[in-house]
Amino acid sequence: MLGLYIHVPFCLSKCPYCDFYSIPLPDDAMLDHYVDAVCRTLRQERARTDEDADTLYFGGGTPSLLGGKRLTRILAEAQRLFRLQEAEITMEANPADELYETFAAFRAAGGNRVSLGMQSVSADGLRRLGRRHTPAQLEVAIRDLSRADIRNFSLDLMLATPGQTPTDIENAVSFAAAAGASHLSAYLLKLEPGTPFYAAADTLALPDEDAVAAYYLLACREAEAAGYRQYEISNFAKPGCESRHNLKYWNSDDYIGIGPAAHSAVSGQRYHYPRSLDAFLAGCKPEIDRDDEIPTGSPAEYAMLRLRLTDGLQADLFEQRFGKPLPPEWRENAAALPSSLVTVSPADIALTRDGFLLSNTLIAEILWK
Ligand code: SF4
């Protein structure tokens, strides 16, 4: 079944490292207008496919800023059109905000998973990242999740951030485990062109390359010791709590993205809406991605995405999907790489944790050498 992604491009302030499409929160009338546009687009997208959906993900931006009533309207329309039976329905939220009422309405409308932008549990670390929230607000947000009966929640943690220490990472993972998070995403800070962090890179006291690798491996070990299984380069989950929605991306399954800058992959075609709220509100058509070097849904694309997963590229799943065995040259290329970085067996090809640090290079070596 399909995954649905709904992009909510509003934030109360812009974090200095972020290059997602987000703009300042508009007034209520504009938010209502946005919800109208999302519902209209859901109806248009339904016409492209017969598939129902079993995941829905509100990402952003800050989707929780829409508030309970607007989220409920979108969810009701998505359920009417795409069924969403026994679906995983996730919303990203910023712990800086008053969230209880939004959580309660989201839960009542069928929402069952929240992803909180924790990033750090150090007040100083959050300040250096330009985040709006404090560690105390994070604790309130987690209590509000529990009050709203949302037990399945994920915390984001940023790694290799300005001034971060190993103790910061250990504290953040311990906090997640003690708070009962079912899922942890640990992303390395990336300096994106055009952001204030990119412009100020030399002044940020960022860790060097060796420290970045050490921090990543430390986060992986700490997460594992706390009972989280790593299942993707940057993602860890308690048993059975992997993100069903994000697994659709890594399994090269179909998904529909709605909202400015949202991407879709349906029936072998990729398309996206432009990074413009005005264009989206005006009903612009999505643009087909024409510069795909790797065809959508192709064996190479599938392999490239699967190699991000700890389960790797599995021979039986590949054969079921494409009706042919794994290309022998992929096995040969993988076998020529150090076993500390890539493992090869009759059943699969998989990157190791050390290999994940070099994933782009290794994937290119395996698939396109
Ligand atoms: S809250 Fe999230 S989406 Fe908004 S600016 Fe910060 S990182 Fe970007």
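This passage walks through the domains, the ligand shell, a helix pair and a handful of individual residues in a predicted model.

Start with the overall layout. The domain assignment splits the chain into domain 1, covering 2-249, and domain 2, covering 299-368. Computed between C-alpha centres is not the only way to look at the pair, but on that count domain 1 and domain 2 sit 29 Å apart. The two do touch: nine residues of domain 1 are in contact with eight residues of domain 2. On the domain 1 side, α8 (209-225) and β9 (229-232) each put in at least two residues, and α8 gives the most, with four. Sorted by class, that side of domain 1 has seven nonpolar residues, one polar and one charged.

Next comes the ligand. The residues around the ligand are Cys11, Lys14, Cys15, Cys18, Phe20, Ser22, Gly60, Gly61, Thr62, Asn94 and Gly117. By class, this shell breaks down into six polar, four nonpolar and one charged residues. Two of the residues listed around the ligand, Gly60 and Gly61, are also joined to each other by a cis peptide bond, with omega at about 15 degrees. Most peptide bonds are trans. As for where this falls along the chain, Gly61 belongs to the loop between β4 (53-60) and α2 (68-82).

Within the helical part of the chain, α13 (residues 328-335) packs against α15 (residues 359-368), with axes 7 Å apart and an angle of about 135 degrees between them. That angle makes α13 oblique to α15. From α13, the residues Trp330, Asn333 and Ala334 meet Glu365, Ile366 and Leu367 of α15. The residues of this helix contact come out as four nonpolar, one polar and one charged.

Two residues turn up with unusual backbone angles. Most residues other than glycine have a negative phi. Asp149 goes the other way, with phi near 65 degrees. Asp149 lies in the loop between α5 (135-147) and β7 (153-159), and it counts as exposed because it has 11 C-beta neighbours inside 10 Å. Ser252 is not a glycine either, and its phi is positive at about 60 degrees. Ser252 is found in the loop between α9 (244-250) and β11 (255-258). With 19 C-beta neighbours inside 10 Å, Ser252 counts as partly exposed, since a residue needs 20 or more to be called buried.

Several other positions are worth a stop, beginning with Gly111. This glycine lies in the loop between α3 (100-108) and β6 (113-119), and Gly111 is buried, with 25 other C-beta atoms within 10 Å. Leaving aside neighbours within four places in sequence, the contacts of Gly111 are Leu75, Ile89, Met91 and Phe106. Leu71 is 40 residues away from Gly111 in sequence, while the C-alpha atoms of the two are 9.4 Å apart in space.

Asp28 offers another pairing across the sequence. Asp28 is part of helix α1 (residues 28-46) and counts as exposed, with 10 C-beta neighbours inside 10 Å. Asp28 and Leu66 are separated by 38 residues in sequence and by 9.0 Å in space, C-alpha to C-alpha.

Cys241 sits in the loop between β10 (235-237) and α9. With 21 C-beta neighbours inside 10 Å, Cys241 is counted as buried; the cut-off for that label is 20 or more. Apart from neighbours within four places in sequence, Cys241 is in contact with Asn152, Ser182 and His183. Leu189 is 52 residues from Cys241 along the chain, and their C-alpha atoms are separated by 24 Å.

Last in this set is Ala262, found in the loop between β11 and β12 (263-266). Ala262 is buried, with 25 other C-beta atoms within 10 Å. Setting aside neighbours within four places in sequence, Ala262 has contacts with Tyr5, His7, Gly257, His272 and Tyr273. Phe236 is 26 residues from Ala262 along the chain, and the two C-alpha atoms are 25 Å apart.

Definitions and conventions
Residues are numbered from 1 along each chain as its sequence is written. This is a predicted model: local features need pLDDT of at least 70, side-chain atom pairs count only at pLDDT 80 or more; totals for chains, interfaces and linings use all residues. Domain bounds come from an automatic or database domain assignment. Two residues are in contact if their C-beta atoms, placed from the backbone, lie within 7 Å. Ala, Val, Leu, Ile, Met, Phe, Trp, Tyr, Cys and Pro count as nonpolar, Asp, Glu, Lys and Arg as charged, and the others, Gly among them, as polar. A residue is near a molecule or strand if its C-beta atom, placed from the backbone, lies within 6 Å of it. Axes are lines fitted to C-alpha atoms, for helices over the stretch in contact, and angles run from 0 to 180 degrees between N-to-C directions. Angles under 35 degrees count as roughly parallel, over 145 as roughly antiparallel, 65 to 115 as roughly perpendicular and the rest as oblique. A residue is buried if 20 or more other C-beta atoms lie within 10 Å of its own, exposed if 12 or fewer, and partly exposed in between; C-beta atoms are placed from the backbone.
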